[in-house]
Amino acid sequence: MATLLSRRCIGTLGLPQGSSLALAGPSRRAIRKYAAAATATKQKPKAVPAAAKAAPTPKKPPSVIPVPKAPKAPIPKPKALVKKSVAKSTKAATASRPERPKLLRNGGGLMFKVPEKKDITEMTEEEQLAQLERAMTMSQLNPTRDIWGQSMETLDVILPYSTSLSQRSKYSSWREMLEQFKKNRHNAMKNYMSMLTLAGDNAIPGIDLSGDRWWHRFIIRWPWRLATTTSVAESSWLSPLRKSALDTYCKLNTALAKRDDQTIKELASSTYQDQILRLRKKQRWDCKYFWHFHKEVTPARVLSIRAAPGYLAIDPPKFGNRNAVQALVRIDTEQSLEIYTDLGVPLHTPAAKHVKGGSTAEPVRVTEYFVFEKKMWYDGPWVIREQLWEAPGRKAAV
């Protein structure tokens with residue numbers, strides 16, 4: 001009110017006097033007092049009744065959301081503990097993370113998945129059948145490639161040990177000796193069945209059974225000859241196999257002495273090829289070797305033989321039959337090895353007397369056990385795929 005009054009007074013007191021405006025009325029000090037009084041009147045609080053004071057006023061929700069307090073910083077661990085925890089977390093993350101498929105890049109820049117090799121013993125019957133069907137399909141689509149000629153595992157040939165009473169001290173108990181006797185009988189039974197499989201397919205090496213009649217098969221000939229696996233007689237059905245095994249053995253040792261890698265790879269396979277190639281690399285390049293075969297101390301003997309179908313294509317093979325044969329053969333020979341330097345200085349032990357065959361080295365008796373293998377749909381030699389040794393303190397049953 002005072003402000004409006006002061007403005008009206010100021011407006012009415014302004015009188016025109018000539019060309020200028022003359023201000024009449026209260027002075028500037030009075031106007032300031034009026035303005036100060038009006039401002040003080042506005043700032044005075046209004047009186048609140050007692051009933052309004054007693055009633056509680058509702059609280060308004062906060063317009064700002066409270067911010068939660070930050071967690072306390074962890075106490076720093078020693079460096080060794082930090083490294084261990086990081087390693088554990090990395091291992092756990094790696095174990096839980098699914099393994100990525102391995103990829104290869106070929107020459108054209110394309111990517112393809114590498115199939116993981118799985119042991120056949122871990123495969124189910126469905127997986128094995130699916131693998132066999134894929135192999136048969138590949139053999140039909142690409143007839144010039146023999147997928148059945150790939151490397152195979154060693155079959156269950158075993159080295160039988162003597163269970164005679166004279167060998168009782170070699171066994172820790174009668175029970176162990178009885179277990180070995182059972183293994184020997186199982187081996188003899190498997191030998192018989194493998195021979196029957198080969199005879200039924202007319203696949204015994206060097207033996208022609210195509211003209212045998214039913215009485216030969218069941219009465220006169222087969223029942224007796226099938227049980228002569230370990231025989232060393234010339235009339236035995238495995239006599240040609242034993243001769244081939246000895247011939248392969250002699251050729252392989254001669255190739256080793258002459259450093260003939262090509263012949264070694266033709267006559268050895270699998271683990272024995274790696275073994276004999278390592279032995280050849282250990283030979284001294286400044287020396288010459290001459291291997292001599294003198295005689296058989298005892299005839300070569302087949303101790304265990306296994307036959308299984310290896311060529312599983314729909315069409316029969318163009319040569320031979322479908323069987324893959326592995327035989328454990330004992331070779332007991334007398335042999336010698338001459339070693340000379342480039343200057344002709346002998347490094348071998350000289351013979352005490354004249355040796356038949358012209359060798360100047362002392363003959364040594366060597367008894368070895370080899371697993372020979374032949375895929376019967378190939379016209380090739382018997383190859384050595386593995387070497388076995390007698391157990392310490394045991395004597396092989398021959």
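User: Hi! Which residue in β7 is the bridge partner of Gln335?

Analyst: Welcome, and please keep in mind that this is a predicted model. Strands β6 and β7 pair in the antiparallel sense over 12 bridges. Among the bridge partners in β7, the one that belongs to Gln335 is Val364.

User: In what order do the strands of this open sheet stand?

Analyst: Strands of a sheet pair through backbone hydrogen bonds, either parallel or antiparallel. Here the pairing is antiparallel, and 4 strands take part. Read across the open sheet, the order is β5-β6-β7-β8.

User: Which strands stand at the edges, and by how many degrees are neighbouring strands turned against each other on average?

Analyst: β5 (287-309) and β8 (383-388) each have a single partner strand, so one side of each is left without a neighbour in the sheet. That makes β5 and β8 the edge strands. As for the turn between neighbouring strands of this sheet, direction ignored, the average is 35°.

User: How many bridges join β5 to β6?

Analyst: Two of the pairs are easy to look up in the structure. Lys295 has Glu334 in β6 as its bridge partner, and Tyr289 has Ile339 in β6. The two strands run antiparallel, with β6 covering residues 323-341, and the number of bridges joining them is 18.

User: Is β6 largely enclosed by the rest of the structure or largely open, and how many of its residues are buried?

Analyst: A residue counts as buried when its relative accessible area is under 20%. Most of β6 meets that cut-off, so the strand is largely enclosed by the rest of the structure. Out of its 19 residues, the number buried is 17.

User: Which helix lies across β5 and β6, and at about what angle to β5 does it run?

Analyst: The helix to look for spans residues 174-200, and its name is α6. What covers the buried residues of α6 includes α8, β5 and β6. Against the direction of β5, helix α6 runs at about 85°.

User: What about helix α11: which strands does it touch, and what angle does it make with β8?

Analyst: Helix α11 is made of residues 270-281 and packs on the sheet. The strands it touches are β7 (364-375) and β8. With the direction of β8, the direction of α11 makes an angle of about 80°.

User: How far apart are the end C-alpha atoms of α6, and why does that agree with what is expected?

Analyst: α6 has 27 residues, and at 1.5 Å a residue they should span 39 Å. The model agrees with that, because the end C-alpha atoms of α6 are apart by 39 Å.

User: And how far does α9 reach from its first C-alpha to its last?

Analyst: α9 has 20 residues, for which 28 Å is expected at 1.5 Å a residue. The model comes close to that. Just after α9, Arg259 takes a positive phi of about 60°. From first C-alpha to last, α9 itself reaches 29 Å.

User: Which residue is joined to Asp247 by a salt bridge?

Analyst: Side chains of opposite charge can pair when their charged atoms come close. The partner of Asp247 sits 4 residues apart from it in helix α9 (residues 239-258), which means about one helical turn between them. The N to O distance is 3.3 Å, and the partner is Lys251.

User: Are the two residues of the salt bridge between Glu234 and Lys243 buried or exposed, and how far apart are their closest N and O atoms?

Analyst: Over 50% relative accessibility counts as exposed. Glu234 has 60%, so it is exposed, and Lys243 has 53%, so it is exposed as well. Their closest N and O atoms are apart by 3.5 Å.

User: Is Ser236 buried or exposed?

Analyst: Ser236 lies in the loop between α8 (222-225) and α9. It touches Thr228, Ser231 and Arg242, not counting residues up to four places away in sequence. Its relative accessibility is 5%, under the 20% cut-off, so Ser236 counts as buried.

User: Finally, how many salt bridges does the structure hold?

Analyst: One of them joins Arg284 and Asp286, at 2.9 Å from N to O. Elsewhere, Asp156, Lys190 and Arg306 are linked in a network of salt bridges. For the structure, the number of salt bridges is 11.

Note on methods:
Residues numbered from 1 in each chain as written. Predicted model: local features only at pLDDT ≥ 70, side-chain atom pairs only at ≥ 80, totals over all residues. Heavy atoms only, no water. Salt bridge = Lys/Arg side-chain N within 4 Å of Asp/Glu carboxyl O. Buried < 20%, exposed > 50% of the residue type's maximum accessible area, 1.4 Å probe, protein only. Contact = heavy atoms within 4.5 Å. Pairing = 2+ DSSP bridges. Axes fitted to C-alpha atoms, helices over the stretch in contact; angles between N-to-C directions. Expected span 1.5 Å × (residues − 1).
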